[in-house]
Amino acid sequence: MSKFYITTPIYYVNAPPHLGHAITSVLADIVARYHRLSGKEVFFLTGTDEHGAKILRASEKAGREVSSFVVEIRESFRNLSPALNLSNDDFIYTPDKKRHWPGAQKLWQKLKEAGDIYKGKYKGLYCVGHEAFVTEKDLVGGKCADHDEKPQLIEEENYFFRLSKYTAEIKRRIESKELLILPESRRNEVLALMGEGLKDVSFSRPSQDISWGIPVPGDESQTMYVWCDALSNYISALGYGSEDETKFLKFWPADIHFIGKDILRFHAAIWPGMLLSAGLLLPRELVVTGMIQVGGRKMSKTLGNVADPFELVEHFGADAVRYYLSREVPVFDDGDFTQEKFSQAYEGNLVNGLGNYVQRISTMVRNYFDSRLEKPAEEEILKAPLKKGEVEYVSVPYFIEKIVFPEYKKTMDNLELNRASDAVFGLLKELDGYVQHYEPFHLIETDKEKTRVVLWNLAYGAVSLAWFLAPFLPQTSDKIFDIFGVVGKPQSEWNTFVVKEHKALFPRKL
RNA sequence: CGCGGGGUGGAGGAGUAGUACCUCGGGGGGCUCAUAACCCCCAGGCGCCGGUGCAAUUCCGGCCCCCGCAACCA
């Protein structure tokens, strides 16, 4: 059985999860489920990034001990899994001394042994109020936004990682697609960056400035900066650096790192550089998602337009949120969220579309055939074909197998999840049209046998929809299998359908 | 000249060198199994200016506008 290792980023715990985190996790989950369903041994990792000066300052501001301060937000990220039905196999967090630190420190050690760690001077803008370095972004009009003070340009000694040394090799891996970056435009962006040559990166800070972090092995006076601390989660979670590296040996390299475009540079430059230095394999693929905006604007706490995934789930259910995030928002481009768009998508495609379809078919089967439909003979099935265009006639199962499935598989394999979803909902549209064409609700009065064929095809269609949607809408998919009495049955055994009475799959919201 | 992505009917999206597609909304018709759902038809569009081509929304150049990134916001 082949393995498949997929990760989300580890999320920074400076605030509870918002829809942007949810979308990355949901997309990764859909891919994880898809590969699991196609028979691979999948390891799906998510987690949180909890170290750093920002977090320490936030905890101090709240008058809390930092180690307990982060737990709350960590737990809210962990709760994304039950809320959104994420199938992650593990959850890693950076302050975990037992599970994470050994891996991070071993990795550091490897880089050091490779001669790629050296002491250097870091020059930066230091804000006295923050007692830390700030970036240009923290400034408003040259002054620190929080303290209204002008930061000072100061120097301090810390460790650097010789990233520059690996520019050519990283570039080669990306160009040759040994390290595949999707979509193409992101790949180009990174390659353009490589063209300028990568600079060495600051890799640690004096621990007096940042005590909240992982100590540099062999030099307690320094704390690891984010790179080695956070990026190493992808291997520490597999046991790298621990006594038992079985999982690491089995699952590394990652088949896919799902990331947002905002952290592309770290994942396309620094992370591969570190892995090369340590003599480890590079991930096969970086999948770079767009950002989800709210009402056309970037989500921000200042604007007060942060969309809360938990609220949405509570109101609409996990599958509705998963639906929106995977279909109504493009995977690779920026998307937009508004309450109105969400409701519209919910009403249109889930309530009126999928929910209504399942309802009308199951009702007819119950009313006309006492809830039970035996599979008609093949030649009978051909007598109620699906009309495609003007002249082409195919049976429903044939259409699903030869037209829908290949399109679904192709787009899923290319991670064009919204297009795969399009293919499935396109099938739904065909099936609704098929109902209208044969009018089983009339046909039953004149030709019961043909009605049986028509309804059997429609039930087969419903179950097929459930099969296709399993990675996207796992709960709904299970419900549909249950309604048609084929829970746990492979496609080859979708012969007799025994239909149950059921509640609306997607209740209408007022 | 820091880097990059965009501008497609009322709205949101897809797409292509040659009849431009989908969803929602608007107008009309049909059906009644279904969660006032479903099916069919109609109106309306490729930011601006040049260039290359038999042909450009699609390729090239310029302009206008919007938006990201710029080394710890998915």
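For the pocket view below, Ala, Val, Leu, Ile, Met, Phe, Trp, Tyr, Cys and Pro count as nonpolar, Asp, Glu, Lys and Arg as charged, and the others, Gly among them, as polar. Everything shown comes from a predicted model.

**View 1. Here's what lines the second largest pocket.** Its volume comes to about 310 Å³. Of the 13 lining residues, Arg33, Leu37, Ser38, Trp467 and Ala470 sit nearest the centre. Sorted by class, the lining of this pocket has eight nonpolar, two polar and three charged residues. Three helices each put in at least two residues: α1 (19-37), α16 (396-413) and α20 (474-483). The largest share, four residues, belongs to α20.

**View 2. Helix α19 (residues 448-469) gets the ruler treatment.** How far apart are the end C-alpha atoms of α19? They lie 31 Å apart, and that agrees with the 32 Å that 22 residues should span, because each residue counts for 1.5 Å. The helix is also mostly covered, with 17 of its 22 residues buried.

**View 3. Strand β2 (residues 41-49) pairs with β1 (residues 3-12).** The two strands run parallel, joined by eight bridges. Look for Thr7, whose bridge partner in β2 is Leu45. To get from β1 to β2 the chain passes through α1, making a right-handed β-α-β crossover.

**View 4. Strand β2 also pairs with β3 (residues 90-93).** This pairing is parallel too, over four bridges. Gly47 has Ile92 as its bridge partner in β3. Is β2 mostly covered or mostly exposed? Mostly covered: eight of its nine residues are buried.

Key:
Residues are numbered from 1 along each chain as its sequence is written. Chains are lettered from A and ligands numbered from 1 in the order in which they are written. This is a predicted model: local features need pLDDT of at least 70, side-chain atom pairs count only at pLDDT 80 or more; totals for chains, interfaces and linings use all residues. Side-chain values use heavy atoms; hydrogens and water are left out. The expected span of a helix is 1.5 Å times one less than its number of residues. Buried means under 20% relative accessible area, exposed over 50%, partly exposed in between (1.4 Å probe, protein chains only). On a 1 Å grid over the protein atoms alone, a cavity is a set of points where a 1.4 Å probe fits but cannot get out, and a pocket is an open set with protein on both sides within 12 Å along at least five of seven lines; lining residues have an atom within 4 Å of a point. Grid points are joined across faces, edges and corners, and a volume is the space filled by probe spheres set on the points. Two strands pair if DSSP finds at least two bridges between them. A crossover is right-handed if, with the strands pointing away from the viewer, the path from the first strand over the helix to the second runs clockwise.
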